[in-house]
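Colleague: I am new to this structure and would like to learn how to read its core and its sheet. Could you take me through them step by step?

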Amino acid sequence: MEAEELIKKCSAISLEGEEEDKVSFVGKMMTKGAEIIAGCLVGKILTTREVNIEGLRSSLGENVFMFKFALEADKRRVLADRPWHLNKALIVLTEPEGIGNITKQAFTHISFWVQILNIPIMAMNTEAISRLGAIIGSVEEVETNEDGECIGEIARVRIRVDVTKPLKKIIFLESEREENVPMPVTYERLPNFCFCCGIIGHQFRECVKYKTQKQENFAFGPRMKAVKVSERLNHDKSKDRWNRSNNTRIEENGQRNQNQTQRQPSSTTETRSEAI
Ligand SMILES: [Zn+2]
């Protein structure tokens, strides 16, 4: 029985004097507890499949794990480098809230580097891109060049996304001057998600909305996995070289995401890295 269910059952019938059966969290107990909290992260692996990885021994419940760190800097780096995944399943990794009551942890939001495509020139500024990004989630950072500008083929925005809702795949810019401008949205290091409903954590065959429709008719798809900027640059460079030597146009490589390497948190808990 899950801890949450037991708490509900036990709390429903309270006996006389039970409310006095408590321990105050103070003194050395508090100090030791604070040390544990400071040196760890908790992560929920969003998958419908059983997580059975030998190295993940610090289980805190259903698909929830603790990752311990000897150095604060390592923990900060792992947090900054989110999202992480395990076998292509997203790990919603976060610092424990409060005193680390697992039943109260909200594993609902994670930050992605999001790429917004087809930005009109007039919208190539941090204010406009922040407004656009806010449709997708809470904007944490808008990437700019050394001159503080965001001029380019894509806008790259760090956004905290609610993973319990369908991923945004397209947003629109409304303008009095022209028709609405459609702007596709792609996500860097996007793990497996449902192409049927757009939610992370299950596959389309497990989806309540899946009604044996053809995959090409899904509203979502692997096209939402962004090419990382470094790969985009490398790709463009190789394209330039090819163009110079062959004077031939090269088509975009539809399989480009297969070479993206996804990482998992490095911690005292051993995990395996795998290409997505
Ligand atoms: Zn679904």
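Colleague: Which residues of the largest nonpolar core touch the most other members?

Modeller: In soluble globular proteins, nonpolar side chains tend to be buried together. A nonpolar core here is a set of buried Ala, Val, Leu, Ile, Met, Phe, Trp, Tyr and Cys residues joined through C-beta atoms within 7 Å, where buried requires 20 or more other C-beta atoms within 10 Å of a residue's own, with C-beta atoms placed from the backbone. The largest core has 44 residues, and Val-92, Val-114 and Ile-116 touch the most other members. At least two residues come from each of several elements, including β5 (89-94), β6 (109-117) and α4 (126-136); helices (H or I, at least four residues) and strands (E, at least two) are DSSP runs, numbered from the N terminus. This is a predicted model, in which local features need pLDDT of at least 70, side-chain atom pairs count only at pLDDT 80 or more, and totals for chains, interfaces and linings use all residues. Residues are numbered from 1 along each chain as its sequence is written.

Colleague: What is the strand order of the open sheet?

Modeller: Two strands pair if DSSP finds at least two bridges between them. The open sheet of 5 strands follows the order β7-β8-β6-β10-β9, with antiparallel pairing.

Colleague: Why is one side of β7 and of β9 left without a neighbour in the sheet?

Modeller: Both β7 (138-142) and β9 (170-173) stand at the edges with a single partner strand each, so one side of each has no neighbour in the sheet. The antiparallel pairing of β9 with β10 runs over 4 bridges, and Ile-170 stands opposite Pro-184 in β10.

Conventions
Buried ≥ 20, exposed ≤ 12 C-beta atoms within 10 Å, placed from the backbone.
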